[in-house]
Amino acid sequence: MRRGTSFHMDSTMEKSRIQMLYDACHYVFSQKELPTFQQIQWLKTILNLFEAVDVGIDEFSLDGSPSSSQTMISNGLISGLGISEITYIHIHECDKVSMGIFCLPAGSVFPLHDHPGMTVLSKLLYGSVYVRAYDWVRAENFSPRANGVAATAIDGIFNAPCEPTVLFPRSGGNIHSFTALTPCAILDVLSPPYSDDFGRPSTYYSDFPIPSLPGYAWLEERELKLQYELVVKGAPYLGPPLDVADDLC
């Protein structure tokens, strides 16, 4: 365990990709200042290097058994094609940042939800996903909102490999939903993480397009019927281990 670790953008030490991403997030999100454009681009560049195997997932396996065609860690990999329900693989979380992977089977839907006061970077590791995303027309602060008019920020299909996306508290599609067109996995970095205690709950919405205003919709907060509308299972992280800096959390 490292203490007081500082990370420099020009570091050339050989590391796993997930360690590179964690160290970069530690450098960027432990600062008192908001991240700069250059720092966000740097994080996107690192994310763009990722493949499923870098976080312990075999995107081609049906049953979770190790594939002899790839280099595996000793405990094997998560079977990408064998996932039958939306599954979250937790990698790391502290006060400043969280990292994890959502694996979605074909046809599954992650409902429209927001990210209050957050910066979120996402990388589609494999598969195809339809994304619909909005930003509030009037976002006067970072607090969650119940209802309002929102502008469409994203309405399209993403096919891996593709560049990472980034959303901000007031732009980039802060309120979004996913529909998996094929089995897919999305690596997410959130800063700061969701927290009810700090006014960052996850709020879900219904959207109603406004016929007289193409590209705009009325969003209304709603409660999910969790027993069947959204079930998220957990799975262990089987990628390379992280060397976590104590001073980030």
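**Figure 1. An aromatic cluster formed by Tyr 88, Phe 102 and Phe 110.** In this predicted model, Tyr 88, Phe 102 and Phe 110 come together as one aromatic cluster, and a search of the whole structure finds four aromatic pairs. The rings of Tyr 88 and Phe 102 have centres 4.7 Å apart and planes at 50 degrees, so this pair is tilted. Because Tyr 88 belongs to strand β3 (residues 87-93) and Phe 102 to strand β4 (residues 98-104), the pair ties together parts that are 14 residues apart in sequence. Tyr 88 itself is partly exposed, its relative accessible area being 23%.

**Figure 2. The aromatic pair of Trp 136 and Tyr 205.** A pair of aromatic rings is described by the distance of the centres and the angle of the planes. For Trp 136 and Tyr 205 the centres are 5.6 Å apart and the planes stand at 75 degrees to each other, an arrangement that is edge-to-face. Trp 136 lies in strand β7 (residues 128-136) and Tyr 205 in strand β12 (residues 204-209), and the pair thereby links distant parts of the chain, 69 residues apart. Trp 136 counts as buried with a relative accessibility of 14%, and Tyr 205 also counts as buried, with a value of 2%.

**Figure 3. Helix α1 and its surroundings.** The protein chain contains two helices and 14 strands, and this view is centred on helix α1, which covers residues 17-29. At 1.5 Å a residue, the 13 residues of α1 should span 18 Å, and the C-alpha atoms at its ends are indeed 18 Å apart, which agrees. Of these 13 residues 10 are buried, so the helix is largely enclosed by the rest of the structure. Among the buried residues of α1 are Ile 18, Leu 21, Tyr 22, Cys 25, Val 28 and Phe 29, and they also include Gln 19, Asp 23 and His 26. The elements against which the buried residues of α1 pack are α2 (37-47), β3, β4, β6 (119-126) and β11 (184-191).

**Figure 4. The largest nonpolar core and a second core apart from it.** The largest nonpolar core has 36 residues, of which Leu 21, Phe 50, Val 55, Ile 57, Ile 101 and Leu 125 touch the most other members. At least two residues of this core come from each of α1, α2, β3, β4, β6 and β11, and α1 gives the most, with seven residues. Once its neighbours within four places in sequence are left aside, Ile 101 is in contact with residues including Val 55, Ile 57, Tyr 88, Leu 125 and Ile 186. Apart from the largest core lies another core, of 16 residues, among them Ile 86, Leu 124, Ala 133 and Leu 230. Across the protein chain, buried residues make up 44% of the 249 residues, and among contacts with a separation of 6 or more, 72% are between residues 24 or more positions apart.

**Figure 5. Cysteines without a disulfide.** The count of disulfides in this model comes to zero. The cysteine sulfur closest to that of Cys 184 belongs to Cys 103, at 8.4 Å, which is too far for a bond, since a disulfide requires the two sulfur atoms to be within 2.5 Å. Cys 184 counts as buried at 1% relative accessibility, and Cys 162 is likewise buried, with a relative accessible area of 18%.

**Figure 6. Two cis peptide bonds in loops.** Most peptide bonds are trans. The bond from Ala 160 to Pro 161, however, is cis, with omega near 0 degrees, and Pro 161 lies in the loop between β8 (147-159) and β9 (165-167). The bond from Ser 191 to Pro 192 is cis as well, with omega near -10 degrees, and Pro 192 lies in the loop between β11 and β12.

**Figure 7. Ser 108, a buried loop residue.** Ser 108 is placed in the loop between β4 and β5 (109-113), and at 13% relative accessibility this serine counts as buried. With its neighbours within four places in sequence left aside, Ser 108 is in contact with Ile 86, Phe 178, Thr 179 and Ala 180. For the protein chain taken together, the exposed area is about 12800 Å², of which carbon and sulfur atoms supply 53%.

Definitions and conventions
Residues are numbered from 1 along each chain as its sequence is written. This is a predicted model: local features need pLDDT of at least 70, side-chain atom pairs count only at pLDDT 80 or more; totals for chains, interfaces and linings use all residues. Side-chain values use heavy atoms; hydrogens and water are left out. Rings of Phe, Tyr and Trp (its six-membered ring) pair if their centres lie within 6.5 Å; planes under 30 degrees apart count as stacked, over 60 as edge-to-face and the rest as tilted. Helices (H or I, at least four residues) and strands (E, at least two) are DSSP runs, numbered from the N terminus. Buried means under 20% relative accessible area, exposed over 50%, partly exposed in between (1.4 Å probe, protein chains only). The expected span of a helix is 1.5 Å times one less than its number of residues. Contact means heavy atoms within 4.5 Å. A nonpolar core is a set of buried Ala, Val, Leu, Ile, Met, Phe, Trp, Tyr and Cys residues joined through side-chain atoms within 4.5 Å. Accessible areas come from the Shrake-Rupley method with a 1.4 Å probe; for residues, only the protein chains shown count as cover.
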